[in-house]
Amino acid sequence: MSGIETVKIIVDAEKGAAEMLEKAHANASEIRKGLEKRIRAEREEILKSAKKEAGAIVEQAKRDGKLEAEAYEKEAVLRTKAVVAKASTRKGPAVDKLVNLVLGEKT
């Protein structure tokens, strides 16, 4: 093999290596682009899921709050009825006492 043939083989090998390197860079760029798209899609899916979960939590909190308000209202009604009933049982003696005070009678 002559020196020219050897140089030609080396040059061809370098060209082949350069082409392979160029293809590898192009493949790496495509992979990066694909990864960016996947990451973006994954992020959007996670955000969508988080929004959905947050909405469910808010709805549950609304239901819990409504139930608590209803329970508080029922308790307030019962307490009010108890106070009214207690006042009603004392109304007669209180009226009698007031009338006696107005009339100046001693009890």
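**Exercise 1.** Determine which residue forms a salt bridge with E59, and how the two are placed in the helix.

*Solution.* E59 pairs with K62, with 3.7 Å between the closest N and O atoms, which satisfies the criterion of a Lys or Arg side-chain nitrogen within 4 Å of an Asp or Glu carboxyl oxygen. The two residues are three apart in helix α1, and are therefore separated by about one helical turn; helices here are DSSP runs of H or I with at least four residues, numbered from the N terminus. This is a predicted model, in which local features need pLDDT of at least 70 and side-chain atom pairs count only at pLDDT 80 or more, while totals for chains, interfaces and linings use all residues. Residues are numbered from 1 along each chain as its sequence is written, and side-chain values use heavy atoms, without hydrogens and water.

**Exercise 2.** Classify E59 and K62 as buried, partly exposed or exposed.

*Solution.* The classes are buried under 20% relative accessible area, exposed over 50%, and partly exposed in between (1.4 Å probe, protein chains only). E59 is partly exposed because its relative accessible area is 38%, whereas K62, at 54%, is exposed.

**Exercise 3.** Find the partner of R79 in a salt bridge and state their spacing in α1.

*Solution.* The partner is E75, with the closest N and O atoms 3.9 Å apart. Both residues belong to helix α1, where four residues, about one turn, separate them. R79 is exposed at 55%, and E75 is partly exposed at 43%.
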